[in-house]
Amino acid sequence: MSSTTKPDRRGSGRTFFGQPFELSTPFAVELWERFSFYGMQGIVLLYMYYSLTRGGLGIDQGVANGIMGAYGGSVYLFTILGAWVADRLIGADRTLFGSAVVVMLGHIALALVPGVAGIGVGLVLIALGSGGLKATATTIVGSLYTRDDPRRDAGFSLYYLGVNLGAFAGPLLTGLLQSTLGFHYGFGLAAVGMAAGLVQYAIRRRNLPDAVQHVTNPLPRSRYPLAVIVAVAGLAVIAVAVLTGLLTVSTLPVVVVVVVVVATIAYFVVILSSGLTPDERSRVFAFIPLFIGSAVFWSLYQQQFTVVTVYADQRLDRDLFGFTMPVSWAQSINPVMIIVLSGLFAALWTRLGDRQPSTPTKFGLGTGIMGVAFLLFLPFVGTGENGTPLLALVGILFVFTVAELLLSPTGQSVATKLAPPKFQTQMVALFFLSVSLGTALTGVLSRYYDPEHEAPYFTVLGLVAVVVGVVLLVIARPVLRLMRGIR
């Protein structure tokens, strides 16, 4: 049957844990993509700041943290490009497949190209490909549900389970290979994981709803030359910035933050000025405070891959019955908790139905609880090198997980619900811009972390997030009114 006549499968009787059966396709491909993504991310910071004698590159620790934040921010920034390509050029399905190929090439570069060149080429390719993959995978999940389907939030939570199965296994296996054979073997395993995801998606993609294979807002062919000119101009600006010293390793985190802020403002302006109905415009305005809360949340949460990695390396007691746990294994703690708790959250939202907390309330709780998680580091200040018990970090990351499950799957879901029809994928990209801004801020903030003077760092950031969470709870009802019937 051709793609133009393929029936809508949202109402079919076959299910995947009570959800539309085709949820299993993005569930599985994201499992493998996250295996590769987090497997690489679990060891790449160590690779940058470890000394040459330990197999690393010997980059200054603060600079390495900044690179990680800028890289992470770029991943989510590139969701804009991926969403635009999907909505205007080739559709969500083809964009996802092509992006996955680019991600795999990035992992191969990290595995085979030595030194700083491998880091540069690998991280750029992974950031570019992951951006396209993230926006389109979320859109594909949203396409499996009608706008008013009460299973929607639960479905996104189940999809999030697949993400975290991969995120759990990736750091465990790549970290084991890194500690026994070397960093490049770990990067190679990440490439194999992405290849597995590509094969799985190639087999199953034909069964997805017809909508994900269509271009929702095609770019007129007369505007193709303008798009090429803009792309070339963008590359030229980057080249000039590098050659003139405006863009360096040290300035990269701040530059990414500025670019994301400008892109965010431009994106909201473009969407709001595109002939929306009053209800559509109101819903976009409702997204603004949610965007701010999300950015604050992610600026703390994403420090798992900067500050918490350094903490696990230098401040955590990693002795397990005489075996020294690889540093990257600390990054599997959060995913295994999500594996356990995401099903409980999905069941809770399903059971509560219309009585569950509204989206603005979930955002306020998630942001505030994330701040509390940072404050929980304070009792262990001054315990010395590798003096923090492993169980303490497990407890803190449990609080990270509760906050994440309140905000992250809910954020992806509400982006698809609030989106004007012609901006479906790009509205998801706008949510990921909040993640991009928060992650880029991580690169700026993490440079101020000092293992010997931790109290001010954790106190200030924790309290700021708590205050923002409280403000979101206070304005939850006005925001809900702007959402015009969407909770």
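Trainee: In this predicted model, is Arg 318 buried or exposed?
Mentor: Start with its relative accessibility, which comes out at 14%. The cut-off for buried is under 20%, so Arg 318 counts as buried.

Trainee: Which residue does the side chain of Arg 318 meet in a salt bridge?
Mentor: Opposite charges are a good place to start, because such side chains can pair when their charged atoms come close. Here the N to O distance is 4.0 Å, and the limit is within 4 Å. The partner counts as buried too, at 11% relative accessibility. That partner is Asp 313.

Trainee: How many residues apart in sequence are the parts that Arg 315 and Glu 454 tie together?
Mentor: Their side chains meet in a salt bridge, 3.0 Å from N to O. Arg 315 sits in the loop between helix H9 (307-314) and strand E3 (319-320), while Glu 454 sits in the loop between helix H13 (424-445) and helix H14 (455-474). So the pair links parts whose separation in sequence, in residues, is 139.

Trainee: And are Arg 315 and Glu 454 buried or exposed?
Mentor: Arg 315 has 3% relative accessibility, and Glu 454 has 2%. With buried set at under 20%, Arg 315 counts as buried, and Glu 454 likewise counts as buried.

Trainee: What is the N to O distance between Arg 34 and Glu 33?
Mentor: Arg 34 counts as buried at 1% relative accessibility, and Glu 33 is buried at 0%. Their side chains meet in a salt bridge, with N to O at 2.5 Å.

Trainee: How many salt bridges does a search of the whole structure find?
Mentor: Arg 34 with Glu 33 is one of them, and Arg 318 with Asp 313 is another. Arg 315 with Glu 454 also belongs on the list. The search of the whole structure gives a total of 3.

Methods:
Residues are numbered from 1 along each chain as its sequence is written. This is a predicted model: local features need pLDDT of at least 70, side-chain atom pairs count only at pLDDT 80 or more; totals for chains, interfaces and linings use all residues. Side-chain values use heavy atoms; hydrogens and water are left out. Buried means under 20% relative accessible area, exposed over 50%, partly exposed in between (1.4 Å probe, protein chains only). Helices (H or I, at least four residues) and strands (E, at least two) are DSSP runs, numbered from the N terminus.
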